[in-house]
Amino acid sequence: QVQLVESGGGSVQAGGSLRLSCKGSGYTSSRYYMGWFRQVPGQEREGVAAICTGGGIPAYADSVKGRFTISQDNAEIAVSLLMNSLKPEDTAMYYCARSPTLVGLVAAAPLTPGHYSYWGQGTQVTVSS
């Protein structure tokens with residue numbers, strides 16, 4: 001049974017940094033997409049960053065380019081999100097997600113929630129001005 005557990009959320013002032021971590025269990029290291037999403041109450045879940053564990057260029061939402069960095073650790077079946085220069089509009093619940101196992105040629109990691117089948121419970125990030 002695939003499980004994803006996020007950690008690292010918290011409260012920070014604008015301009016500060018946080019690192020989110022997501023550890024997976026219940027599956028072996030293979031090739032799939034791992035992504036970070038965020039959601040504010042009353043709004044749709046939006047993709048923040050994503051990566052293919054088989055390699056490839058990470059994808060970022062325009063709103064976080066140059067500030068957030070996604071990275072993976074296949075040995076631990078983990079993915080992290082380093083968030084720098086945080087802004088109050090980054091305040092949201094952040095979720096880690098994994099796609100089904102990829103087979104054959106893969107495209108760039110997608111930022112749409114529909115491509116992901118497994119989700120963590122989320123970790124809250126609050127940025128104050």
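Mentor: Let's start with a term we will need: a residue is buried under 20% relative accessible area, exposed over 50%, and partly exposed in between. Keep in mind that the model in front of us is predicted.

Trainee: Then let me try that on a residue. Is Ser117 buried, exposed or partly exposed?

Mentor: Its relative accessibility is 43%, so Ser117 counts as partly exposed. Look for Ser117 in the loop between E9 and strand E10 (118-119). Beyond its neighbours within four places in sequence, Ser117 is in contact with Arg98, Ser99 and Pro100.

Trainee: Thanks! Where is Ser29 found, and what is its relative accessible area?

Mentor: Ser29 sits in the loop between E3 and E4. With a relative accessible area of 41%, Ser29 is partly exposed. You can also set sequence distance beside distance in space: Ser29 and Gln124 are 95 residues apart in sequence, and their C-alpha atoms are 27 Å apart. For Ser117 and Phe68, the values are 49 residues in sequence and 23 Å in space, C-alpha to C-alpha.

Trainee: Now the whole chain. How many helices and strands does the chain have?

Mentor: There are 0 helices and 11 strands. The radius of gyration is 14 Å, close to the 14 Å that the globule rule gives for 129 residues, so the chain is as compact as a globular protein of that length. Along its principal axes, the C-alpha trace spans about 45 × 30 × 25 Å.

Trainee: What share of the 129 residues counts as buried?

Mentor: The buried share is 40%. As for the surface, the chain exposes about 6500 Å², and carbon and sulfur atoms supply 51% of that area.

Trainee: Which residues have the most contacts inside the largest nonpolar core?

Mentor: A nonpolar core joins buried residues of certain kinds through their side-chain atoms. Here the largest one has 26 residues, and those with the most contacts inside it are Met34, Trp36, Leu81, Met83 and Tyr94. Among the strands that give two or more residues to this core are E4 (33-39), E8 (78-83) and E9 (92-98). Apart from it lies another core, of 8 residues, including Tyr33, Phe37, Leu102 and Ala109.

Trainee: I'd like to follow one core residue. Which residues is Tyr94 in contact with, leaving aside its neighbours within four places in sequence?

Mentor: The partners of Tyr94 include Trp36, Leu81 and Met83, along with Glu6, Arg38 and Gly122. For the chain overall, consider contacts between residues at least 6 apart in sequence: 62% of them join residues at least 24 apart.

Terms used: Residues are numbered from 1 along each chain as its sequence is written. This is a predicted model: local features need pLDDT of at least 70, side-chain atom pairs count only at pLDDT 80 or more; totals for chains, interfaces and linings use all residues. Side-chain values use heavy atoms; hydrogens and water are left out. A nonpolar core is a set of buried Ala, Val, Leu, Ile, Met, Phe, Trp, Tyr and Cys residues joined through side-chain atoms within 4.5 Å. Buried means under 20% relative accessible area, exposed over 50%, partly exposed in between (1.4 Å probe, protein chains only). Helices (H or I, at least four residues) and strands (E, at least two) are DSSP runs, numbered from the N terminus. Contact means heavy atoms within 4.5 Å. The radius of gyration is taken over C-alpha atoms; the globule rule is 2.2 Å times the number of residues to the power 0.38. Accessible areas come from the Shrake-Rupley method with a 1.4 Å probe; for residues, only the protein chains shown count as cover.
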